[in-house]
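Trainee: Could you take me through one helix pair in this model in detail, and place that pair in the setting of the whole chain?

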Amino acid sequence: MQSQTDETQTDETLMKAIQRGNREAFSLLVSRHLDALFGYAMRLSGERAAAEDLVQDTWLAVWQKARSYNARKARVSTWLHRILHNRHIDNVRRRVPERLADTDEADIAALAATDDPVDEQAPSHEQLDKLIDTLPFEQKSALTLSYQQGFSNRDVGAIMGIGTRAVESLLARARKNLIKAREASIHTENEALP
Amino acid sequence: MTGKEGNQRGEEKSGEELPDIQKALERDLERLRASRPAAPAYLQERIMANLPERDPWQDLLDWLRASTWRPVAAAALPLLLGFTVGLTAGDDLELEPTTESLIFAEVWEAYETDEI
């Protein structure tokens, strides 16, 4: 008989086992999705320790709320990211309510004014990371979920609790803001030239 | 060169190179997935070590909340049970004449002896 926590089991099958309280299945699910969730948590929180706490909180919620998972509504990876996304919002709201406000222009202008010029042809990952981190929360989330985590626009919408059109709009605005920040950096460089 | 001239030059340059910037950005964004940071090895152990026992009441509540039909079914269950009992045991619940006589025997007796 095939084990309930076989490596070949789908996430949905593992979730059924977890709903019955199977810790082995939970451990396997954690190992499958830990890196993805940590990557998203790092992008949202920006700090390693905070990202670790966020990921741990998320898995704790997954264990405790396993019964609320419905395979007809969402894939497991989408559901996991949605829990993490919502927990991050709760954490930030508890600490600094205005952090989630959509005030992007000031941050982008501040980045452009730094002494860290961005090469328009081949920026390093660190430079791109810095640019993405200056984006407003919603744009940063949509961009990360779409490019870094590889979700479809529909899934991004399901995770963020918005429609597909809204996701497309957020992605377009994010790209526009990133280009604007790069252009501003190039201007800064040009002005610094003798 | 004045600052204004410098700005104009920068605007012209950025105007010409905008498609290149867009392409470069798209290329870099596509590479984001490969540069995703990996979770530290101890994190999974930490998660598993801090896993609490599950509350069965919370499990039941979560199960009810997972789909719309579940709370509806749970609410309808006592109603269905009542109907079933009512339909199957309806005749048995009526008082038989003998039982009725037993209950009211004392009253009848008092009535007959003109005490009431």
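**A helix pair and its setting**

Mentor: Among contacts in chain A between residues at least 6 apart in sequence, 60% join residues at least 24 apart. This is a predicted model, and the secondary structure of chain A comprises nine helices and zero strands, which read along the sequence as α-α-α-α-α-α-α-α-α. Chain A has 194 residues, of which 49% count as buried, while the area that chain A exposes is about 9,300 Å², with carbon and sulfur atoms supplying 49% of that area.

Against that background, the pair to look at is helix α3 of chain A, residues 48-64, and helix α4 of chain A, residues 76-95, which pack with their axes 9 Å apart and at an angle of about 120°. Since angles of 65 to 115 degrees count as roughly perpendicular and those over 145 as roughly antiparallel, α3(A) and α4(A) are therefore oblique to each other. The crossing in which α3(A) passes α4(A) is right-handed.

On the side of α3(A), the residues that meet α4(A) are Leu54(A), Val55(A), Asp57(A), Thr58(A), Trp59(A), Ala61(A) and Val62(A), and their partners in α4(A) are Trp79(A), Leu80(A), Ile83(A), Leu84(A), Arg87(A), His88(A) and Asn91(A). Sorted by class, this contact of α3(A) with α4(A) holds nine nonpolar, three polar and two charged residues, with Asp57(A) of α3(A) and Arg87(A) of α4(A) belonging to the charged class.

Conventions. Residues are numbered from 1 along each chain as its sequence is written. Chains are lettered from A and ligands numbered from 1 in the order in which they are written. This is a predicted model: local features need pLDDT of at least 70, side-chain atom pairs count only at pLDDT 80 or more; totals for chains, interfaces and linings use all residues. Side-chain values use heavy atoms; hydrogens and water are left out. Helices (H or I, at least four residues) and strands (E, at least two) are DSSP runs, numbered from the N terminus. Buried means under 20% relative accessible area, exposed over 50%, partly exposed in between (1.4 Å probe, protein chains only). Contact means heavy atoms within 4.5 Å. Accessible areas come from the Shrake-Rupley method with a 1.4 Å probe; for residues, only the protein chains shown count as cover. Axes are lines fitted to C-alpha atoms, for helices over the stretch in contact, and angles run from 0 to 180 degrees between N-to-C directions. Angles under 35 degrees count as roughly parallel, over 145 as roughly antiparallel, 65 to 115 as roughly perpendicular and the rest as oblique. A crossing is left-handed if the near helix is turned anticlockwise from the far one by less than a right angle, and right-handed if clockwise.
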